[in-house]
Amino acid sequence: MPDAHYDYAIIGAGPAGSACANALLLEGASGVALIDRARFPRDKICGDGIGPGVIAILDALKLGHMLDRHRRVSQMVMTSPFGGRMALNDNEIKGESPLGYVIRRTEFDHALVIAALERGCTDMTGWSFEGAKHVDGQWRIDLAESDSGELRSITADVLIGADGATSRVRRLLGQPFNHEKHVSVSMRILARTEPEFPARQELNVEKELPIPGYAWNFATGAGLVNVGFVCDTPTYKASGRHLREILKTYQDQLPDTLVYDDATRHSQILPLASQMPPLAYPKVSAALIGDAASMINPLTGEGIFYGMEAGLLLGRGLARAANTREERAAALQHYERVFRRTFTGHFRGNFYLRKLIEKPALFDRMLRAGAKNPDLCCDCIEYMMGNERGVGKKPLYRLALQTFFS
Ligand SMILES: Cc1cc2nc3c(=O)[nH]c(=O)nc-3n(C[C@H](O)[C@H](O)[C@H](O)COP(=O)(O)OP(=O)(O)OC[C@H]3O[C@@H](n4cnc5c(N)ncnc54)[C@H](O)[C@@H]3O)c2cc1C
């Protein structure tokens, strides 16, 4: 027999699931279960770059204080294999900064989970989602305790899949995984630095690494640097190289003051938003958010902002709907409509930009053009890392003009 009933069962307590839980609770909903096979704090393979769009989401969730202890990124640098370099320093930014933060996911995700628990959601971290059935208008959800394997089941009115890149909920809803053309592969390792680097983000396209693809080193500003490499799956397969060896090639080019922690070297896939499944399933009261719905920017690999935005939008909409099946179905459809209206063009633009800069010579010209104009550079970073609301597509056209005609 199921041992408890909830209005909302959220599978996955990463940024997408936790943002959704916080939004639901902040809007007065109750009966929210936050389920994750991990116990928090837990690590998540990531570049730890918290995009600028996340700041507004945290404010909307009344969690802006989460950033107080962290240093805002003061410089972003991009380099090409032909020596092109575009750098944006915070003292050159006239309006709102398009730079974000670099924060360890152990810390960032844990703070979001704690906030949701303090707001009253039921803590089911340490429980793995094993499967679910929609019977008589509600979900029967099977869970297994992560250590002991103890089984239990609960029921819920709404099932929210926020269980990341290899989502089981997505499969349960009948959605296949992305085609390999729309999946990137990556590996990252963490390093300590003494003296510490300032908080900064650097992205490098290198001759010695598979292209198209890029390596990064992101510094928190508190003595920690996140170092990694990402490229799409066909490029990786064609390279015939191992991710570990590619990453090592990049590590060898970085300052030898970096002391790497080999235990933090892990690989993971990124399902890209150039192929998103349906987001809402109103007939069975279910939805997908975050990586489970392939909400990763196809150019930058950024996914925290989009997942949290989806969680916020869905949580708010559901909490504001009356507790009837019809209203919930309408809220789910509204979520899908608004998310797609806001981001489909943005993801498409970033996908085409990626196609364009897959040519290293063109990427080089683009960086050189951007380097001459900090305002344009600022707008382009907002276009790639943010949500375009502030800048629209104009920076892209301006950059294209300057790349081809300067
Ligand atoms: C190498 C790499 C670098 C990246 N760098 C950046 C970056 O710098 N900036 C950025 O914005 N994005 C980055 N991303 C993308 C970003 O990590 C994801 O988009 C983001 O974590 C998505 O959040 P989420 O909540 O959807 O999923 P996740 O953060 O993956 O959370 C999913 C949760 O579901 C849980 N779960 C999974 N299966 C089950 C199950 N069966 N039962 C219960 N729980 C389950 C997991 O334990 C996990 O806690 C990067 C990704 C990679 C791989």
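## Starting with strands

Strands here are DSSP runs of at least two residues marked E, and two strands pair if DSSP finds at least two bridges between them. With that in hand, look at R200, which stands opposite A219 in β13. Keep in mind that you're looking at a predicted model.

R200 belongs to β12 (residues 200–204), and β12 runs antiparallel to β13 (residues 213–219). Five bridges join these two strands. In general, strands of a sheet pair through backbone hydrogen bonds, and they can do so parallel or antiparallel.

## The seven-stranded sheet

Now zoom out. β12 and β13 are part of an open sheet of seven strands, in the order β5-β4-β12-β13-β14-β11-β15, and the pairing is mixed. Which strands stand at the edges? They are β5 (85–89) and β15 (258–271); each has a single partner strand, so one side of each is left without a neighbour in the sheet. From one strand to the next, the twist averages 15 degrees.

Helix α10 (residues 374–385) packs on this sheet and touches β4 (75–79), β5 and β12. Its direction makes about 90 degrees with that of β5.

Helix α6 (residues 243–251) is worth a look too. Its buried residues are L243, I246, L247, T249, Y250 and Q251. What covers them includes several strands of the sheet, among them β11 (183–193), β12, β13, β14 (224–232) and β15, along with helix α5 (233–239).

## Salt bridges

Side chains of opposite charge can pair when their charged atoms come close. The count for this model comes to 24 salt bridges. One of them takes us back to R200, which pairs with E202 at 2.7 Å between the closest N and O atoms. Are these two buried or exposed? R200 is buried at 12% relative accessibility, and E202 is buried as well, at 16%.

Another salt bridge links R265 and D262, with 3.1 Å from N to O. R265 has a relative accessible area of 17%; the cut-off for buried is under 20%, so R265 counts as buried.

Over in helix α8 (residues 325–357), R340 and E336 sit four residues apart, about one turn of the helix. They form a salt bridge too, and their closest N and O atoms are 2.6 Å apart. Here the two partners get separate labels: R340 is partly exposed at 26%, whereas E336 is buried at 16%.

## D48 and its surroundings

D48 turns up in several places. It lies in the loop between β2 (32–36) and β3 (49–50), and it's buried, with just 1% relative accessibility. Its phi is near 65 degrees, a positive value in a residue other than glycine.

What does D48 link up with in a network of salt bridges? The other members are D43, R104 and R188. The side chain of D48 also makes a polar contact of 3.0 Å with the side chain of N226. Leaving aside neighbours within four places in sequence, D48 is in contact with Y101, V102, I103, R104, R105, L190 and N226.

## Around the ligand

There are 33 residues around the ligand, and D36, G47, G49, F129 and D291 come nearest. In the side chain of D36, an N or O atom is 2.6 Å from an oxygen atom of the ligand. R42 has a polar side-chain atom 2.9 Å from a ligand oxygen. For F129, the backbone does the job: one of its N or O atoms lies 2.8 Å from a nitrogen atom of the ligand.

## Odd spots in the loops

Two cis peptide bonds are worth finding. One joins F40 and P41, with omega about 5 degrees, and P41 sits in the loop between β2 and β3. Another runs from I211 to P212, with omega near 0 degrees; P212 is in the loop between β12 and β13.

S285 has a positive phi, near 50 degrees, and isn't a glycine. You'll find S285 in the loop between β16 (280–281) and β17 (286–288), where it is buried at 6% relative accessible area.

Finally, S74 is in the loop between α2 (53–60) and β4. It counts as partly exposed, at 22% relative accessibility. Beyond its neighbours within four places in sequence, S74 is in contact with L88, N89, D90, L99, P198 and A199. G317 comes 243 residues away from S74 along the chain, and their C-alpha atoms are separated by 35 Å.

Definitions and conventions. Residues are numbered from 1 along each chain as its sequence is written. This is a predicted model: local features need pLDDT of at least 70, side-chain atom pairs count only at pLDDT 80 or more; totals for chains, interfaces and linings use all residues. Side-chain values use heavy atoms; hydrogens and water are left out. Axes are lines fitted to C-alpha atoms, for helices over the stretch in contact, and angles run from 0 to 180 degrees between N-to-C directions. Contact means heavy atoms within 4.5 Å. A salt bridge is a side-chain nitrogen of Lys or Arg within 4 Å of a carboxyl oxygen of Asp or Glu. Buried means under 20% relative accessible area, exposed over 50%, partly exposed in between (1.4 Å probe, protein chains only). A residue is near a molecule or strand if one of its heavy atoms lies within 4 Å of it. A polar contact is a pair of N or O atoms within 3.5 Å; within protein, one must be able to donate a hydrogen and the other to accept it, and residues adjacent in sequence count only if both atoms are side-chain atoms.
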